[in-house]
Amino acid sequence: MRKIDSYAHILPRKYFDRMAELAKDKGAIKRWLTIPVLYDLDARLKMMEGFPEYQQILTLSNPPIEMIAGPDDSPALARLANEEMAKIRDAHPDKFPAFVASLPMNNPAACLAEMDHAINVLGARGIQLFTNVNGRPLDEPDFWPIFEAAVKTYDVPIWMHPARGANMPDYASEKKSKFEIWWTFGWPYETSAAMTRMVFSGFFDKLPNLRVITHHMGAMIPFFDGRVGPGLDQFGSRTSDEDYEGLLKSMPKRPIEYFRQFYADTALAGGVSGIRCGLDFFGAKQVVFASDCPFDPEGGPMFIRTIPEAIDSLNLPQDEREGIYFRNALRLLKMPCC
């Protein structure tokens, strides 16, 4: 069966080299240096030969552009990333049918200009944002024009990737997160927090056609459907210094119904239970296949192999399997089926 990997990461070589020049903390790119498939296109194409009928939607890898470059340098870095991804798509359309634009989020005005260039000139099929902008939440007013343009001007989906590092401690008494808790559990929390800020800031009421693809199957939300359901039906009862109860009464829908409007991907490192849980929560029509390539113990091929095994083990109806593997992605990207 055809498989479109909706969240495959890449660092085009020219972009990778420039990123390495700008990175103040060389430790921030330590892992990237050990994964050739991330920046070596020939290595990636050779790996993909082992997976017939498999294609990738290209998304720029961590770290966020705004973490690497200041607001004066980030627009040029985003332009380089998008132009290089477009070149890869054009050179190998059978392997990479589309790419997702990256933006210089620490320069909101430049974001709008880059969206216009990436989407209208280069043909990007969506934009990628991270769950925070150097610690700033996405529901700050400065970022609203980006969401509004994505929906009202370009009608493209938004890929949302977690961003959190060891510099965010797990305990107030400490200065850093230990044992990579910032990644294992911090990333799902980060995504869930960003989703919650969007829900209660009214994103879906103001932009009914908003389409946000959450990485890692909607993070914590599907498993905690009781907390975001009956739990948040009591929103405000635990807070005395904010009128959250008034906010809840003003919302046209229950909080859980807004959470169900997000899309999710299957990038759960091959775990079966999480995929089943996500499908139960979001429904098969709002889930897309993704591998998180090349961030697996084998440096690329492992999750491309094991995540389909997990999906297929659920014995889903054929139409749901086709939707997850390629039809939902084509619908989101407004691309022809055949």
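A residue is called buried when its relative accessible area is under 20%. The legends below describe close-up views of a predicted model.

**View 1. Strand β8 is covered on both of its faces.** Strand β8 comprises residues 158-161. On one side lie I158 and M160, on the other W159 and H161, and all of these residues are buried. In a regular strand, side chains alternate between the two faces of the sheet. Strand β5, residues 127-130, runs parallel to β8 and is joined to it by four bridges. Within this pairing, Q128 is placed opposite W159 of β8. Strand β9, residues 212-214, also pairs with β8 in the parallel sense, here over three bridges. The bridge partner of W159 in β9 is I213. W159 therefore belongs to the buried residues under the cut-off of 20% relative accessible area, and W159 stands opposite Q128 and has I213 as a bridge partner in β9.

**View 2. An open sheet of three strands is built from β1, β2 and β3.** The strand order is β1-β2-β3, and the pairing is parallel. Strands β1 (3-10) and β3 (98-99) form the edges, each pairing on one side only. Between β1 and strand β2, residues 54-60, there are six bridges, and the two strands run parallel. I10 is found opposite L60 of β2. L60 reappears in the next view, as one of the residues that line the largest cavity.

**View 3. One cavity of 30 Å³ or more is found in the whole structure.** The volume of the largest cavity is about 60 Å³. Its lining includes L60, S61, P63, P64, I65 and E66. Also in the lining of the largest cavity are S102, L103, M105, Q128, L129 and F130. Helix α4 (65-68) and strand β5 each contribute at least two lining residues. The greatest contribution to the lining of the largest cavity comes from β5, with three residues. By class, the lining of the largest cavity holds eight nonpolar residues, three polar and one charged. Q128, one of the lining residues, is also the residue that stands opposite W159 in β8.

**View 4. The second largest pocket encloses about 560 Å³ of space.** Two elements, α9 (186-200) and α11 (225-231), give two or more residues to the lining of the second largest pocket. Helix α9 gives the most, with six residues. In total, 20 residues line the second largest pocket, and those nearest its centre are T196, F200, R227, V228 and L232. The lining of the second largest pocket divides into 10 nonpolar, six polar and four charged residues.

**View 5. Helix α16 contains a kink of about 60° centred on I324.** Helix α16 comprises residues 318-333. At 1.5 Å a residue, its 16 residues should span 22 Å, which agrees with the 21 Å between its end C-alpha atoms. I324, on which the kink is centred, is among the buried residues of α16. The other buried residues of the helix include R321, E322, G323, Y325 and F326, together with N328, A329, L330, L332 and L333. After α16 comes K334, which has a positive phi near 55°.

How values were computed
Residues are numbered from 1 along each chain as its sequence is written. This is a predicted model: local features need pLDDT of at least 70, side-chain atom pairs count only at pLDDT 80 or more; totals for chains, interfaces and linings use all residues. Side-chain values use heavy atoms; hydrogens and water are left out. Buried means under 20% relative accessible area, exposed over 50%, partly exposed in between (1.4 Å probe, protein chains only). Two strands pair if DSSP finds at least two bridges between them. The expected span of a helix is 1.5 Å times one less than its number of residues. The bend at a residue is the angle between axes fitted to the seven residues ending there and the seven starting there. On a 1 Å grid over the protein atoms alone, a cavity is a set of points where a 1.4 Å probe fits but cannot get out, and a pocket is an open set with protein on both sides within 12 Å along at least five of seven lines; lining residues have an atom within 4 Å of a point. Grid points are joined across faces, edges and corners, and a volume is the space filled by probe spheres set on the points. Ala, Val, Leu, Ile, Met, Phe, Trp, Tyr, Cys and Pro count as nonpolar, Asp, Glu, Lys and Arg as charged, and the others, Gly among them, as polar.
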